Amino acid sequence: MGTPQDTGPVVRGTVPAAGSGRPARSRRSRPLITYGRWWWALPAILAVLLIHYLATAGGALYAFTNWTGIGDFDFVGLDNFRRILEDPASIGSLKNTLFLAFGFLVLTNVVGLLLALALNRTLKTRYLLRVLFFMPVVLSPLAVSYVWKFIFDFNGPLNDVLGWVGMEPRTWLADPTLALWAVLVVMAWQTTGMVMVIYLAGLATVPPEIEEAAALDGASTWRRFRHITVPSVRPSIAIASTLMLIQGLRVFDQVMALTGGGPAGATETLATQVYKETFALSNFGYGAALALLLTVIMLVFSVLQQAVTRDRS
Amino acid sequence: MLAEQYSEETGVQIETQPLPPDSYGLTIRTQLQGGNAPDLMMFSPGAGQANAVLPLAEANLLEPLGEESAALVPEGSESLYGIDGEVYAQPTNLIPVGMTWNPTAASDAGVEIPENSDGLIDACGPLADEGKSMFVVAGSVPPNPGLMAMAISATRVYAETPDWNEQRAAGDVSFADSEGWQETLQTVVDMNEAGCFQQGAAGAGFDAITQGMTQGTSLGGFLPGSAANELNNATPGLALEVQPFPPAEGGEPYLLASSNYALSINAAAEDPQKQAAQEFLAWMAEPENAARFTEIQGGVAITGPDENLNPVFEPVRELLESGSYAPLPNLSWPNPGVYDALATGVQGLIAGQGDIDSVLQGVDQAWDQ
């Protein structure tokens, strides 16, 4: 039996509606045209299958060829994948992708949750601050990246500020040790507002009475956060971490706009390498293999992440 | 402009299809395979660039051209324009590549072009102390460091061994074992360490080149000759010129110059359109029309310097007349990845990443793919 708010049986017609006194219409006697038939989704399902999955599968076939984008090609088995494993540039791209993905996952979730906690209830200016923190999310990643490129420029404002405090200017986007961090900062800066909103939605479900009761019982702020807030926002953690992980793994715009993958591949990711190999260097087969590898990595990490964050209560 | 002129003279209507340069190669390839490519297209000679002509000719997507087109192909460069004795691309004009030099800024700074690269490197430090730089480099855009390396390689590699690319293709030599290429990259490292590039060069974009060259804060840069002409046209009072990069001590000046653009006909075009395109190419090959194209684009006539030589190229007239030049090396390289490996490798050297041996080994690897 459902909860008092569960209207499913009524909507589905399995129990009499309150006060109607009439028996529900049996499943067999339902008219053909009604709400909620599964086959209503059929056109969308077919479109997704044809446009998305079939096209993707077709593209994946090229991962096993030496096609250059022009003319004929031969099937080369797993040669492209062997080449990926032997190519230091591809291994570097894989490492950079994982660094950015997990750095992005941690940074956006930690900062997003902290912002959400800070702007949840008490602060009077919370609505204004929420808007301010969310605003970068609605901007184009390319536009944001170009603004940050100006900020990171050798003659840009960041080095000006460093100069005021007597520090040496840096080539932020051309320094192999700094460039990847710079990309991560830009990614996180733009997306943290989105994570904050997800956590705010989760925090709205936490009853203040329980927190007040715990506080009266002498629970510290950390214990209230650990034992009341976190379990309540667990679905938000699952959603936010999944989205951020996937977004981090497929990062492209920010890298292309900020560094183009440089210097000398120091910020190259799998997604930018797929683009470069496929469209700039005409190695369609190799690019398809990289794309397939990226897809598999995203799939594996998404499944693992779902397993880690699932509700075990 | 030439299409309009041709239409006026012949009554043949030409519809032009402008495409952005950064996606040109990909768009044209897609159109060629999709059957909706233009009848007449512009490509890069050879096979070393994304919009190169030879892979398309090998895939039978281009139409063999006539005698007028073949007659324009520079001697020794036949392999860049055709295969199996057929010519598939008609060269347009020569674009010299050396160092783009601002003589006014150099004169103001009291710098004369040294006879050799050691003298040039020695002059970099004092110039940097004055807040100027010998060269401006767009280090964040790999093709610019790549072009710099190729310009330097003219005297280190191709002056002594003009057929070095053919030897590499035959497997007789390699980048990693080539003294010339090692010297080329060592010159880049030496220039970087001596402060020859502007501050923050490793992270600079093309805008830095435009600013540095037009404002005179840098004396030189590495650009195709036609870009120097464009900057002159866009900046009143600016008189950039193309100079050969100084050779190593005891070396002779040498230059890169080749037709970076060539015209081809779509093999899938209808016969009347093919015929019309052939006639247009024949018209383009006529000296006065070729000269007009050269004037518009800012290069050198494909037949060599004449009385109409653009003042930008006057300093390299002798080299061009004496044939002391080689085609842009990457035109002859087998795939775009070779130049990409060189360009990103040199980018890394400027940013303090990697070493000469690993860069050259990477270039060899890309060649062998």
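Which residue follows H2(B), and what is the sign of its phi? Some notes, bearing in mind that this is a predicted model.

1. The residue after H2(B) is Gly35(B), and its phi is positive, near 85°.

2. Now H2(B) itself. Its buried residues are Tyr24(B), Gly25(B), Ile28(B), Arg29(B), Gln31(B) and Leu32(B). Looking down the axis of H2(B), you'll find them within an arc of 165°, so they line one face of the helix.

3. What do those buried residues of H2(B) pack against? In chain B, the partners are strand S1 (40-43), helix H3 (54-58) and strand S12 (262-266).

4. Just ahead of H2, have a look at Glu15(B), which sits in the loop between helix H1 (2-10) and helix H2 (24-34) of chain B. Glu15(B) has a relative accessible area of 80%, so it counts as exposed, the cut-off being over 50%. From its C-alpha to that of Gly85(B) is 31 Å, with the two residues 70 apart along the chain.

5. On to empty space: there is one cavity of 30 Å³ or more in the structure, and the largest cavity holds about 50 Å³. Its lining is made up of Leu72(B), Gln90(B), Pro91(B), Thr92(B), Met284(B), Ala285(B), Ala290(B) and Phe293(B). Strand S5 (90-91), helix H13 (271-285) and helix H14 (287-297) of chain B are the elements that each give two or more residues to that lining.

6. As for the chemistry of the lining of the largest cavity, six residues are nonpolar and two are polar, with no charged ones.

Notes
Residues are numbered from 1 along each chain as its sequence is written. Chains are lettered from A and ligands numbered from 1 in the order in which they are written. This is a predicted model: local features need pLDDT of at least 70, side-chain atom pairs count only at pLDDT 80 or more; totals for chains, interfaces and linings use all residues. Side-chain values use heavy atoms; hydrogens and water are left out. On a 1 Å grid over the protein atoms alone, a cavity is a set of points where a 1.4 Å probe fits but cannot get out, and a pocket is an open set with protein on both sides within 12 Å along at least five of seven lines; lining residues have an atom within 4 Å of a point. Grid points are joined across faces, edges and corners, and a volume is the space filled by probe spheres set on the points. Helices (H or I, at least four residues) and strands (E, at least two) are DSSP runs, numbered from the N terminus. Ala, Val, Leu, Ile, Met, Phe, Trp, Tyr, Cys and Pro count as nonpolar, Asp, Glu, Lys and Arg as charged, and the others, Gly among them, as polar. Buried means under 20% relative accessible area, exposed over 50%, partly exposed in between (1.4 Å probe, protein chains only). The arc is that of the directions from the helix axis to the C-beta atoms. Contact means heavy atoms within 4.5 Å.
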